[in-house]
Each structure stands twice: as structure tokens, then as C-alpha cells.
Amino acid sequence: MNKPTLTLHNTRTNQTEEFHPRDPKKVGVYTCGPTVYAYPHIGNMRAYIFADTLRRVLEFMKFPVQHVMNITDVGHLTDDADDGQDKLEVGAKKEGLTVWQVAEKYTKFFFEETASLNIKKPHVVCKATDYIAEQISMVEALEKNGFTYVTSDGVYFDTAKFPRYADFARLDVKGLEAGSRIEMGEKRNKTDFALWKFSQPEDKRAMEWDAPWGRGFPGWHIECSAMASHFLGKQFDIHTGGVDHIPIHHTNEIAQSECATGCSPFANVWMHSEFLILDDGAKKMSKSLGNIITVRELAQEGIPPLAFRYLCLTTHYRKQLQFSKEGLKAALRAYERLNHLREKLTESAKPVAASGFQKRAQEYAEKLLQAMATDLNTAQVLANLWLMLDDENVSDGEKLTLIDQHNEILGLSGESQWTAAEIPAEVTQLMSDRTKYRTEKNWAMADKVRDRLAELGYEVADSPNGPVAQKIVLK
């Protein structure tokens, strides 16, 4: 099979381009990770499913990936324009915990959620609080190069000294200066941002460190620049995040990184996933709006986490995903049908090695890779998958292998988590009874058990590991 050329949409150039790594021996990928002050929601998870899909495609195409992701456990203020309180400090006061306990609690929850979605853990996970020295060193480099100034509340980056500041997000800086209501304070320019914030006595902060400019804590943006450079070098291949990062966080990352090191571009390719939009079409899902749903909550309602992943894959990562009950029902049915077909195929055939594919199966394998190599077109991959499963010219053994190939690259293989823990003992016993009756071909009793399960609010669903009881939802 011929290896297609990987093309990726680059926010930096606003073009879909052929991907060529800086170093064939290491493809550096940096993902903006969570701020661990609250529960991550399914909108957040869409961005991490996208980053995981990118990694899977790179690895499937034999690129040697080094994936780095940060954990923001300090410095992210309630207002992205450097105003307000630190989100971790706010969370700690709200929950009656220490900031360290809050960070640990939500970091643990985050990785439980990502594991349930079959998202691979990055090769490097780095916490901002573990790399304070590196962040201070980068601010010192910026100071030495003449890009900083000091106010009464911190050290700021002077965006007027970086002429390309507006280029990445295509910002209308003049319009911003004329019309924005951003409080200037002692800022020279409205787009200037904090590199280091001074602790104020009245704040009684739990997280603060000594620095050449005074005791305080790093700004939100500096952590990603410092840690990405530390692990991947002054320049690397791919930087990912959500579209909400483009105008502020990623714009600031580029400015401070390139001015500190003198190297441009900071990352060759910048990739961004779009929002998950609620079914009224009017609002994105966000913690600030208070309209969040977690993967675990979906699981407790009987929706396997991988069914939500399937839903995300039905829409291209650069398009908004409208979340609705109808869309979730359709994704759940498709996910269950895929598992059911795979189970049936294992009863009638054994996997056929890809090297032994006949022409038709080989064509589907090539379509899979071509679609994924075309800016991660997961929707096209799924369409090809269903065409293949309906094609009588593909043998059952070939279909089984192709399903597994698709599941691996789409991240749909593996078991769902949590749902089983919610199933009452009576339901578990009824499932055991049903299996026994079916083995004995006592269909009448098996049907009675099914009806009793329905009365209790459960139905029988297929999984890669056999029938399971699943709560009836979205009826």
C-alpha cells in the first residue's frame, strides 16, 4: 500500500499543507492541557479526542511522536486579560480545600475521563508548578532582549515591540485600541500581557515564589512556552488546542517564545479544534456559563464514553459539533451496531493479514489511510467503514481486520468504563440468567428476562466483550 502524504490545516498560515517534520527522528507535538480547578466537560474532551486522533494518525503513519501536555495548576486568572483571581485559588476557597488538593482532585478526574475515552496519555505530562525556574528564566531572557516592563502588579510583555503580534490571530489591534473596554491599568498597550504577577498582601496566596522582580507567580501564557521549549526545543512541529486559544493564549505564546529565543516560527503547525455547541445552537459549553456535562454523567445515564467519542468523530474537528439528544442517540446506535457486527464476524471468521487482502479490501484500507491523512477526515473514514461492511466483495476475515484497523486509528477499541459500576445486583443476575437460557435455547425464558430488564429500565446491548446491560436513555 502506498503511503499517502499527510496534510494538516495550519492556523498560522491559514492553509492546508503537506506535513514535513523538522527532524525525521522525532515529531514534537504540544497540547494545551487543562486548568485543573473544576470538572472538565465534554466540550473540553472534544479537543483532547482531536489531539489523540492526530497522534494516532501520526503513529499509524510511522512518525516517531513525542507528545507533551501541560497541567495548569497556577497562574490562570478568571479573566484571560490578566485580571481577577487565580482560578485555583478561587476553587480552593469554594471547596474548602488547599490549592494543591484541588489540583490533585481535578487532575485525577481529568485522566479518568480521558482514559474512559481511550485517549492515550501524553509521553510527557508537566505541571506548571514543577517548572517555575524555567518560566522565570524565559522572563529573564525577554527582559534581556528588551521586551518587558514592570508595573506595580507585575512584569508585562510589550506587544508594541513585536510587530507581528497580530498576525497569527489576524487581530484588528487598532480597532481593539479604539473600541475595547479592557481596563488598561498601567499597561502600555491593551494587548500587553502578564509574564509574572506580584503577590498582593491582601490576596494571601498559597502558591507564590521568589523571583528577581519580586515574590509572586507566573502568568498563564508563559508556562506553555517554557515547558514546550524545555521538552521539545526552541522550535518544534505541531501545537494543538481549542479555537478559543487563538486570539489570546496562543498569540501570546508565539510572541514571548519567539522574542525570548530569537527563533521563528515557535511551532511549524498550529491546529485547533472547534467548539461543541448545545442543541439550541446559541451557546458553547463552558464552565463559566454553568452548562457543562461530563463524560461520567453520560456514562451514568447509559451512554458509553466511546459512544461519545464516536459522535465527535462524525464531525470534522474544524467544524462546530452540535450536541443534541438525537445526535447522541444516532452515535450510540452506530457504535453499538459496529460492536455487534464485529462480534458476529468473530463467530464466522478469523482476521486476515493486511498483506493477504484481495483488491477490494486493499482499496478500503487505502481509503482509510487517505481520509485520515487528509487533515484527519474522520467523518469520511466512518463513511468508508460502513460502505466496507456492506460490501459483499470483502470477506468476513478482511472485514474483521479492517474494523480493527479503523477502531485502532479512530480510538474506538477497548472497553467502556463506569457504566457497569452503576448496574444493580438484580440486573447483573438477570443478565446471567439470560445467558444461561440462551445457551439452553430456552428462548421463552430469555424473552421474559429481557422484558423484566426493560421494566427495570435496562436493555441488552452488544459490546466487544459480549452482551451487557445498559440503562435505557434518550427515549
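**Exercise 1. Charges over rings.** Which residue lies over the face of F111, and at what distance from the ring centre?

*Solution.* Start at F111: K121 lies over its face, 4.6 Å from the ring centre. The criterion is that NZ of Lys or CZ of Arg is within 6 Å of the ring centre and within 35 degrees of the ring normal. Then go to F217, where the charged end of R205 sits over the ring, 3.6 Å from its centre.

Before going on, note that this is a predicted model, where local features need pLDDT of at least 70 and side-chain atom pairs count only at pLDDT 80 or more, while totals for chains, interfaces and linings use all residues. Residues are numbered from 1 along each chain as its sequence is written, and side-chain values use heavy atoms, with hydrogens and water left out.

**Exercise 2. The sheet.** What is the strand order in the open sheet of five strands, and which strands are at its edges?

*Solution.* Step one: the order reads β7-β4-β3-β12-β13, with parallel pairing. Helices (H or I, at least four residues) and strands (E, at least two) are DSSP runs, numbered from the N terminus, and two strands pair if DSSP finds at least two bridges between them.

Step two: β7 (124-127) and β13 (267-273) each pair on one side only, as edge strands. From one strand to the next, the twist averages 20°.

Step three: look at β4 (residues 65-71), which four bridges join to β7. V68 has V124 in β7 as its bridge partner.

Step four: add helix α6 (residues 220-232), which packs on the sheet and touches β3 (27-31), β4, β7 and β12 (236-242). Its direction makes about 150° with that of β4. Here contact means heavy atoms within 4.5 Å; axes are lines fitted to C-alpha atoms, for helices over the stretch in contact, and angles run from 0 to 180 degrees between N-to-C directions.

**Exercise 3. The core.** Which residues of the largest nonpolar core touch the most other members?

*Solution.* They are L58 and F308, in a core of 123 residues. Such a core is a set of buried Ala, Val, Leu, Ile, Met, Phe, Trp, Tyr and Cys residues joined through side-chain atoms within 4.5 Å; buried means under 20% relative accessible area, exposed over 50% and partly exposed in between (1.4 Å probe, protein chains only). Leaving out residues up to four places away in sequence, L58 touches L6, F19, V27, V29, F63, V65 and I238. Another core, of eight residues, lies apart and includes V427 and L453.

Now follow F308 to its helix: the buried residues of α9 include F308, R309 and Y310. In α9 (residues 305-313), nine of its nine residues are buried.

**Exercise 4. Aromatic pairs.** Why is the pair of Y39 and Y106 edge-to-face?

*Solution.* The structure holds 14 aromatic pairs. Rings of Phe, Tyr and Trp (its six-membered ring) pair if their centres lie within 6.5 Å; planes under 30 degrees apart count as stacked, over 60 as edge-to-face and the rest as tilted. For Y39 and Y106 the centres are 4.9 Å apart and the planes at 85°, so the pair is edge-to-face. Y39 lies in the loop between β3 and α1 (42-60) and Y106 in helix α3 (residues 99-116), so the pair ties together parts 67 residues apart in sequence. Y39 is partly exposed, at 35% relative accessible area, whereas Y106 is buried, at 5%.
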